[in-house]
Every structure is written in structure tokens, then in C-alpha cells.
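Visitor: Could you take me in for a close look at a single part of this one, starting from a loop and following the contacts wherever they lead? I'd like the cut-offs along the way.

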Amino acid sequence: MPEPHVNLTRRQILGIGGAFGLLTTASLAGAAALARRPATTGAELRTAAALPPPYQVPLPLPAVARPVSTDGGTDRYEIVQRETSAEILPGLRTPLWTYGGSFPGPTIEARRGRPVTVTHRNELPVPTVVHLHGGRTPADSDGYPTDLVLPAAWPQAPQTMPGMPGMPGMDSAGGHGGGTGMTDPRAVTSRLRRDYTFPNDQRPTLLWYHDHRMDFTAPALWRGLAGLHIVRDDAEDALGLPAGPHEIPLMITDRAFTADGALTYPSLDPALRDRPGVTEPHLAGVLGDVVLVNGAPWPVHETDAARHRLRLLNASNARHYELEARTEDGRRLDLVQIGADQGLLAAPVTHRSLPVAPAERYDLVVDFAAAPVGSLVRIVNRLGTGRTRDVMAFRIARPAPADDSRIPPRLATDLPDWRREDAVRTRDFAFRAGRTNGGHGWLIGGRPFDPARTDVTVPLGDTEIWRLIADVHHPVHLHLVGFRILTRGGRTPLPHDAGLKDTVSLRPGESAEIITRFDGYRGRYLFHCHNAEHEDMGMMANLEVV
């Protein structure tokens with residue numbers, strides 16, 4: 001998907017803070033030269049297999065996990081990470097890496113304030129790490145990239161992550177270099193299994209869990225290691241929002257396939273053991289030409305002409321979407337946003353189209369009452385070309401029974417009221433391409449990620465403003481905390497910036513100011529770009545809460 005060239009106005013530069021903006025202009029120019037191509041989200045792979053027509057494959061609904069125990073006020077789950085195969089393209093089997101044997105993995109349904117412990121058993125051929133994205137999680141369960149769960153036969157050296165590349169330095173093909181092993185004295189590895197505890201002491205929302213292994217997050221996601229985690233509470237249940245069969249989770253991803261149905265991905269090391277990175281054309285990100293929703297290509301869901309709550313996640317590695325709901329006669333249905341990454345908005349916001357970056361979640365209500373019975377309502381991607389313009393469809397199969405759902409004018413009263421004057425400090429971060437040790441990489445503040453280096457130290461409870469600027473498209477994600485977007489490009493935030501976020505999508509040459517309070521837990525966390533190829537190639541930084 002092409003993006004516009006970097007073009008900062010003086011107003012945008014001044015809007016992110018004078019000297020920082022002026023200094024960053026030179027960095028952006030340098031990044032554009034390093035990229036050796038126009039600023040893009042990534043390069044698209046082409047599928048060799050025959051593809052089904054759109055809106056023929058039924059939409060799968062991810063299975064809800066069952067706890068193995070509910071004793072002692074904690075819900076306990078067991079998930080086996082294992083290889084399997086599934087029929088994604090009709091008539092072909094696709095090998096996958098999965099949580100619990102399915103893609104997406106099983107959905108965990110949690111209640112606010114009731115802890116969940118998930119025991120993950122790694123039966124895959126490589127180490128793994130589980131991160132609950134958006135979770136307000138103690139550091140020892142947050143899924144730090146070097147806190148590996150090793151397979152039974154994987155070798156281990158003291159304080160060294162097997163298969164992880166040396167630091168610093170990126171090779172010319174986008175890896176961090178040599179495969180010599182990287183020392184992280186704070187890494188906590190385990191053999192075969194690990195317990196992750198999630199307190200769920202946070203606002204009700206849609207979270208997701210995925211692999212976060214150092215330098216190999218992107219190909220692990222591509223192979224299927226992702227699942228949903230939904231937090232609910234009594235206040236949200238009482239709002240009268242669409243529920244039951246009218247509440248539908250939608251995990252959108254893109255993939256590409258070989259002629260026999262296997263996933264294709266441009267890894268330098270297809271075994272994902274020693275050499276990280278992707279081939280040169282895909283340094284900006286990997287795009288597929290097949291859009292999957294809940295693991296199915298361009299699916300269709302039969303339903304009735306009622307309001308539906310769509311719990312939307314962009315779990316793609318690098319692809320951005322701009323979504324619309326269109327009837328067969330070309331009308332656009334309202335997308336009524338009721339929630340963002342970190343839960344319900346204060347009041348609904350209505351969109352006709354909605355941009356969604358990798359890792360962003362949106363909670364939407366769409367009313368199908370105006371669509372004739374027997375017709376299709378298509379969800380389309382305005383940023384796509386060819387088959388990637390299609391996403392999925394709803395077939396309105398029958399009139400609705402009495403629809404007593406509603407969208408209250410007031411949704412939530414527990415949003416934080418952080419003010420600019422509450423911030424005890426302001427920090428500046430530039431997200432850009434750069435050279436590391438003679439190669440190409442993606443940098444934060446001019447440096448590639450090093451787990452042994454502390455980049456930011458924040459006292460627990462402090463409120464800060466962060467000013468972010470991008471060269472190309474970067475969805476920036478903070479672990480542990482949610483934030484509010486104060487400004488975008490020195491101006492008022494956009495309508496879809498409402499509410500509490502944990503990922504902000506920076507467009508090429510764009511700046512944003514965010515405000516957050518670092519509360520919850522002490523320990524080592526991350527912030528990074530959630531273009532998965534960018535984070536694998538150095539675009540992460542350490543955040544120490546003390």
C-alpha cells in the first residue's frame with residue numbers, strides 16, 4: 001500500500017516542539033535516502049494457489065477457552081503451542097503454528113479484577129514468548145522478548161538467548177547480524193512451560209495475546225500465534241449493547257500462500273532458529289494478498305437485520321486498512337465507535353470510514369436494519385487494491401427478532417482526566433529508518449534495540465507527555481499503560497483518536513503528543529513500533545518503571 005512522501009509543514013514542525021521538530025527534519029530526509037524507495041508500508045507477496053471468490057467461506061468464530069480450574073479466585077487455563085494444519089484455502093491444507101491447535105487461538109473471557117493464569121506449554125520447534133497486548137500486567141508476565149520458553153530439545157547457555165543475534169548492528173538484509181547470541185543478564189528463561197498471570201485489573205476491553213520472541217515476532221505472528229482476550233465487567237454488561245450472537249470478534253490479517261497452500265514469508269532463515277530478518281524488498285514490512293478474518297479468506301457471516309457489536313482487531317504484520325460497511329446499492333452504513341484499544345469511550349463517535357493500523361482495536365456498533373433481507377453488507381478496505389479491497393460480508397438472512405439493544409449516549413465515566421499541566425516531564429522520540437553497523441534497520445531515537453540498555457526510566461505514578469514523530473508509517477505501542485492522544489501534527493486529534501489507546505498510528509512525516517500515567521507495576525517493559533518487521537529489525541526500546 002503506497003503512502004505519501006514525507007512532507008512536514010512548518011506548522012507541524014512547531015507543533016511538536018520547536019528544536020525537536022527542526023532537528024528531526026534532517027533525520028527524516030536521511031531516512032528517506034536510506035530507504036532507497038518511496039515511503040511504503042511494505043511489499044506485497046503474491047499467492048500461487050487458486051483463491052476462492054469472496055463471500056463464500058463461512059466466518060469462523062474463535063472458540064472460547066474453558067478454565068481447567070476456578071479455585072481460589074483465579075481462573076486457570078492451559079494452552080499448548082503446537083504445529084498443526086488447517087484448511088484455510090478451500091481444498092488445501094496450510095501448516096500453522098498455533099495456540100491450542102487453532103488460528104486464531106482460543107479466546108479467553110475474563111472479568112475485571114479476577115486474575116487469570118495461563119500455563120503455556122511450548123511444543124513448537126523454536127523458543128516462544130507470550131505477550132498480552134494491552135494488558136495491565138506485572139513485568140514477569142508481560143512477555144519480555146528474551147524471557148523465552150524453550151522447547152524440550154533447545155540448547156541453552158547462561159544469560160545468553162540461543163538463536164538471538166548479536167547486538168548492536170543490523171546486516172544489510174534486515175537482520176541484527178551474525179546469529180552469535182545476545183547477552184541479557186536479566187532474561188528469565190524456562191524449559192517447556194511457563195505460567196503467565198494477568199490480574200485483569202483494568203477497564204473492560206478487547207486485548208490480544210501473541211508471540212513476542214526477540215527478532216522473530218513477525219514470522220511467528222504470520223504462522224498463526226495470535227488469540228483474543230476479552231475483559232468484561234458489570235457496568236459494561238448493564239449498558240444494553242448488542243450481545244450474544246450479535247457480538248462478533250473480528251481478527252483481520254493478511255497472508256500469502258504457495259501453490260500447495262503453505263504460507264509464504266520472506267524469512268532469511270525459514271527455520272526461524274538463527275538468522276532473523278527478511279529479504280531486501282520487504283524491509284518496510286510484509287504484506288499478503290489474501291485478507292483473512294478469523295482465519296478465513298474473505299468470509300461471509302449470515303445474520304439478521306439487527307444492531308451488531310463488532311470487536312475489531314487488526315492483527316496484520318504491516319497492512320493498514322480503512323474500513324467501510326457498504327450495502328449492495330452503494331450506501332455506507334454508519335460505523336458507531338463505542339470503544340478504543342483500552343475500553344469504552346465516554347460517548348459514541350460516528351464514522352463513515354475508519355482507518356485501522358496494525359495492533360489497533362476498535363469496538364463498533366453497526367445497524368443492519370436498513371439492509372434488505374437476502375442482501376449483502378460488505379466490509380471493504382479503501383486502502384486496498386484488487387482482492388485486498390475486499391474484507392468480508394454479512395448476509396442479512398432474516399428479519400431481526402425484537403432488537404432491544406441500544407447505544408447509550410453516555411458509555412463510560414471512568415476515563416482518566418490527565419491534563420497537560422499534570423505532566424512532570426516531556427520526552428521526544430523519533431521513529432525512523434537508519435544505519436546500524438553498515439546495514440539497514442529501524443531506530444527509536446537513533447538507536448536500535450538492546451535489551452541490556454535502559455532507554456527510559458520513569459518513577460511509578462508519574463504522568464508524562466511523549467512527543468512522537470515518524471518518517472514512514474509507524475503504529476507505536478506502549479506496554480503496561482494506556483494513553484490519550486493530545487495532538488496530531490500540532491492540531492486537534494482525529495475523530496478515531498478518541499478514548500484510551502495503547503497504539504497510535506503515526507502516518508508518514510506525522511507527529512503526535514500522547515499523555516499517560518505510569519502506574520500499575522514496577523519493572524522492565526517496552527515501547528515499540530507494531531509493524532512487526534520494524535520491531536524485529538530494531539524498532540523497540542526499554543522502559544523501566546521504578
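Guide: Let's fix one term before we go in: buried means under 20% relative accessible area, exposed means over 50%, and partly exposed is in between (1.4 Å probe, protein chains only). With a relative accessible area of 58%, P399 is therefore exposed. Some housekeeping: this is a predicted model, where local features need pLDDT of at least 70 and side-chain atom pairs count only at pLDDT 80 or more, while totals for chains, interfaces and linings use all residues. Numbering runs from 1 along each chain as its sequence is written, and side-chain values use heavy atoms, with hydrogens and water left out.

So, where is P399? It belongs to the loop between strand 27 (390–398) and strand 28 (425–436); strands (E, at least two residues) and helices (H or I, at least four) are DSSP runs numbered from the N terminus. Ignoring residues up to four places away in sequence, P399 touches D304, A305 and V373, where contact means heavy atoms within 4.5 Å. V373 is 26 residues from P399 in sequence, yet their C-alpha atoms are 6.4 Å apart.

Now hop to another loop, the one between strand 30 (456–458) and strand 31 (463–470), which holds D462. Its relative accessibility is 16%, so D462 counts as buried. A polar contact of 2.9 Å links the side chains of D462 and R425. That term needs a pair of N or O atoms within 3.5 Å; within protein, one must be able to donate a hydrogen and the other to accept it, and residues adjacent in sequence count only if both atoms are side-chain atoms. Leaving out neighbours within four places in sequence, D462 also contacts V424, T516, R517 and F518.

F518 leads us to the rings. Rings of Phe, Tyr and Trp (its six-membered ring) pair if their centres lie within 6.5 Å; planes under 30 degrees apart are stacked, over 60 edge-to-face, and the rest tilted. That rule gives nine aromatic pairs. Take Y144 and F449: their centres are 6.4 Å apart and their planes meet at 55°, so this pair is tilted. It joins distant parts of the chain, 305 residues apart, and both Y144 and F449 are buried. F429 and W466 make a tilted pair too, because their planes are at 50°, with centres 4.7 Å apart. Since F429 sits in strand 28 and W466 in strand 31, that pair ties together parts 37 residues apart in sequence. F429 counts as buried at 10% relative accessibility, and W466 is buried at 1%. Together with F518 and F527, F429 and W466 form one aromatic cluster.

W466 and F527 turn up again in the largest nonpolar core, which has 88 residues; they are among the members that touch the most others, along with L250 and F394. A nonpolar core here is a set of buried Ala, Val, Leu, Ile, Met, Phe, Trp, Tyr and Cys residues joined through side-chain atoms within 4.5 Å. L250's contacts beyond four places in sequence include L59, V293, L310 and F394. A separate core of 27 residues has W97, V118, W154 and L272 among its members. Over the face of W97 lies R223, 4.5 Å from the ring centre; the rule asks for NZ of Lys or CZ of Arg within 6 Å of the ring centre and within 35 degrees of the ring normal.
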